[in-house]
Amino acid sequence: MSNRIEKASAKLSAKTRMIMNIIFIVVVLAVVVGANILTSFIVKRNPASQVDFTSDGAYSLQAGTVEYLNYLEDEIVIKVLCSEDKLISYDSSFGYQANQLLLKFSTYSNIEVEFVEDLQMTSVSAWQEKYPDIDWKALNEILLVESKTSGRYAGVKRDDFFTVTYDSSSGENVIIGQNVESEILSAIQRVTSEKIVKVGISVGNGEFLSADSQYYAEFSNLRGTLTHNAYDVEDINLSTTVPNEDMEIIIMVAPIYDLTAEAADNLTNWLQNDGEYGKTLVYVPFYLAEDTPNLDLIIEQWGMTVTRGMVEEKDESKTLSSGGAFLPDYADEKFTETLNDTSKPVAFGTDCMPIKIRDEKIASSILTTSSKAVVHLIDDEGLTGETEEAGENGITVAAVATKTADTGETSNVVVWGSIAGLQDNVMKMPNYNNESYFVNMLNTLCDNEVQGIVVNGAAFSGSVMTVTDGVRTAFRIIFVIVVPLALIGACIFVFVRRRNR
């Protein structure tokens, strides 16, 4: 009797284990399949929720953008003037990347992204009436950024959105990058800022930013950097044009020839602004320039002089391995308190000219060398062989002079000692603060409300991880079919093996 009971109990236990195993298999399969379905549903409904696994964050917004958007109060609508599929189809790599970055903007509660499915088939008369500043016939814009709060809008052109180059082998224009983040953030700044600061780039005196300069290509991105940070940039020839009162900043990068006496007077009058001030001049001297007595006089009137010489930093902890470039120290917290990362230095080159402070009441250092630095003096024939030693406080390599009106408005003259410190490749190096520092310096001096936000205007040209339709299909098969079948097989194998023991 007891044997029968034991056998019945064993059979019952075996049945129970089999049922439990079956239930376990069903639950595991349900969880795996359910997780896949739920993940696919979430990603389909909200593509911006996809995780960026690329090493360079190719599908993520930069830290400066995130910081800016977190404090953005305006309600923003980004209207993409094509369908999402068409945007992606512009380029297999950068089209998809551009779309993912666009969708990242939509994760913010006050930013809405709309795709216009088929603008060409729709009457554009309503668009023309609402957005008259857009050329709807040419339709060069790929998207519009509009602030519901201010009512202002700005277009982003297709050629600015994507970086295009001509491929001589195919005879076609080829997309080699995209500027999604910088262009959209620039547009947002333009439609939300209460004022747009106008900047004049001095040309006509051999400046490196003159289009006819042999050095132009090495410095041309400075315009883009300023534009991407909500500045209105235009060229001005001081020898033929009197700067108007609307222009708040003038930048002179390495003039080879001196200003005429009349042009120098016009520049001085512009800085004084009939006693109301509110202007800023940024002057970058060139050690190989001709004698510039008129420019020198303006700098002297603002309590500074530029010594004709080249700075050499002898403190090895502040020098770079090649070319004698060096890393000056920040000397004025006013220009660093809005930087995102003050641990990164500014880099200057061997072309750097020293600045002497003559009137400490109005002028002060903003970047300095160590006390070990020296100046190699220059005359018309080149290096003289004579040197000047740095003092206890080092050598000033960038300085600012400020004069204040009774109203509290100020005018400023900045002398930036190193041309190489504004060179495109240096400004774009992520391990140096040149671009951030320079833009923040201008923001601080002209009271630009966009503080501490520097948008990189360069296109992403590094490697990106693009998931094609074929790859996506392969992942679906693996995780929806192969993985569940493998689990079933594993469970059956374990079940059969245990049963045969």
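**Exercise 1. Find out whether E360 is buried or exposed, and where E360 sits.**

Step 1: E360 has a relative accessibility of 69%. Step 2: check the cut-offs, where buried means under 20% relative accessible area, exposed over 50%, and partly exposed in between (1.4 Å probe, protein chains only). So E360 counts as exposed. Step 3: look at the place of E360, which is the loop between β14 (355-357) and β15 (363-368). Helices (H or I, at least four residues) and strands (E, at least two) are DSSP runs, numbered from the N terminus. Step 4: look for M304, which is 56 residues from E360 along the chain, with 9.0 Å between the two C-alpha atoms.

A quick word on the model: it is predicted, so local features need pLDDT of at least 70 and side-chain atom pairs count only at pLDDT 80 or more, while totals for chains, interfaces and linings use all residues. Residues are numbered from 1 along each chain as its sequence is written, and side-chain values use heavy atoms, with hydrogens and water left out.

**Exercise 2. Compare A230 and D274: which loop holds each, and is each buried or exposed?**

Step 1: start with phi. A230 has a positive phi near 70° without being a glycine. D274 isn't a glycine either, and its phi is positive at about 55°. Step 2: place them. A230 is in the loop between α9 (221-227) and β8 (231-237), while D274 is in the loop between α10 (261-272) and β10. Step 3: check the cover. A230 has 2% relative accessibility, so it counts as buried. D274 has 80%, so it counts as exposed.

**Exercise 3. Work out what surrounds strand β19 (residues 410-416).**

Step 1: six of the seven residues of β19 are buried, so the strand is mostly covered, going by the cut-offs above. Step 2: find its partners (two strands pair if DSSP finds at least two bridges between them). Strand β10 (residues 280-284) runs parallel to β19, joined by four bridges; T280 has N412 as its bridge partner. Strand β18 (residues 396-404) runs antiparallel to β19, with seven bridges; here V400 partners V414. Step 3: follow the turn. β18 and β19 make a hairpin with five residues between them, and G408 in that turn has a positive phi of about 100°.

**Exercise 4. Give the strand order of the open sheet that holds β12, and name its edges.**

Step 1: the three strands come in the order β12-β16-β17, and the pairing is antiparallel. Step 2: β12 (309-312) and β17 (382-389) are the edge strands, each pairing on one side only. Step 3: zoom in on β12 and β16 (residues 374-379), which are joined by four bridges. M310 stands opposite H376 in β16.

**Exercise 5. Check how helix α4 (residues 94-105) compares with its expected span, and how covered it is.**

Step 1: α4 has 12 residues and reaches 17 Å from first C-alpha to last, close to the expected 16 Å. The expected span is 1.5 Å times one less than the number of residues. Step 2: 12 of the 12 residues in α4 are buried, including F94, Y96, L101 and F105.
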